[in-house]
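Colleague: I am new to this structure and should be grateful for a close look at a single part of it. Please choose one helix and describe its surroundings in one connected account.

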Amino acid sequence: RNPKALKRFAAAFEARSVKKRYLGIVAGEIDGEEGTIDLALSKISSAEEGWRMIPDSFGKPAVTHWRKVTMHGGHTLVEFLLETGRTHQIRVHAAAGLGTALLGDPIYGDGTGAGRTMLHAVELTIPRDGKADIVGKSPLPDDFIALGFSDG
């Protein structure tokens, strides 16, 4: 709401002190209960396919912590906690790191099974020196619930 607050807000993101919690539905059942995906990412583009991100050992560092919440109907609800915040990070990490793309993802998956990419920002926590954290929460969308999932 003011320049001073905006500066602090931007600094928190730059310092990677903002905690970001997402829930995503992946198109399949995954092995394991939790883990960390550490895959650097680079942007590529072609006239045929447009631009997208790919795992690339020479790319920018990208780290995602994940936890299986539940499985239903051949799909898995996964909690994603970002340590870094790269473009399409969760989408690429789901496809390349977990081995199955987000349901409905037209770039990193086959685009089927949902009317959109099934990823939702559930919670954002911004720390403040000497004050209570700012926590923003968003309820699970109706299309997640229609697929049989709830916030875990």
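Modeller: The account below follows one helix, the sheet beside it and the core between them. The model is a predicted one. The helix in question is α2, residues 89–98.

How much of α2 is covered? Of its 10 residues, 7 are buried, so the label "mostly covered" applies, with buried meaning under 20% relative accessible area. The buried positions in α2 are Q89, I90, R91, V92, H93, A94 and L98. Directly after the helix comes G99, which has a positive phi, near 90 degrees.

It is useful to turn next to the sheet. This sheet is open and has 6 strands, in the order β2-β5-β6-β1-β7-β8, with antiparallel pairing. At its edges lie β2 (34–38) and β8 (131–137), each of which pairs on one side only. From one strand to the next, the twist averages 20 degrees. Against this sheet packs α2, in contact with β1 (19–26), β2, β5 (63–72), β6 and β7. The direction of α2 makes about 125 degrees with that of β6. Towards the β8 edge, β7 (residues 119–128) and β8 run antiparallel and are joined by 5 bridges. Within that pair, I126 stands opposite I134 of β8.

Which residues form the largest nonpolar core? It has 11 members: V26, I30, I37, W66, V78, F80, L82, I90, A94, L98 and L102. At least two of these residues come from β6 (75–82), and at least two come from α2 (89–98). Three members of the core, I90, A94 and L98, also appear among the buried residues of α2. As a general rule, an α-helix has 3.6 residues a turn, so residues three or four places apart point the same way. In soluble globular proteins, nonpolar side chains also tend to be buried together.

F80 offers a useful view of how helix and sheet meet. Leaving aside residues up to four places away in sequence, F80 touches I90, A94 and L98, together with L102, L119, T64, H65, W66, K20, R21, Y22 and G24. A second core, separate from the largest one, has 9 residues, including I25, L103, M118 and F144.

One further strand pair may be mentioned for completeness. The strands β3 (residues 41–46) and β4 (residues 50–55) run antiparallel, with 6 bridges joining them. They form a hairpin with 3 residues between them, and S42 stands opposite I54 of β4.

Key
Residues are numbered from 1 along each chain as its sequence is written. This is a predicted model: local features need pLDDT of at least 70, side-chain atom pairs count only at pLDDT 80 or more; totals for chains, interfaces and linings use all residues. Side-chain values use heavy atoms; hydrogens and water are left out. A nonpolar core is a set of buried Ala, Val, Leu, Ile, Met, Phe, Trp, Tyr and Cys residues joined through side-chain atoms within 4.5 Å. Buried means under 20% relative accessible area, exposed over 50%, partly exposed in between (1.4 Å probe, protein chains only). Helices (H or I, at least four residues) and strands (E, at least two) are DSSP runs, numbered from the N terminus. Contact means heavy atoms within 4.5 Å. Two strands pair if DSSP finds at least two bridges between them. Axes are lines fitted to C-alpha atoms, for helices over the stretch in contact, and angles run from 0 to 180 degrees between N-to-C directions.
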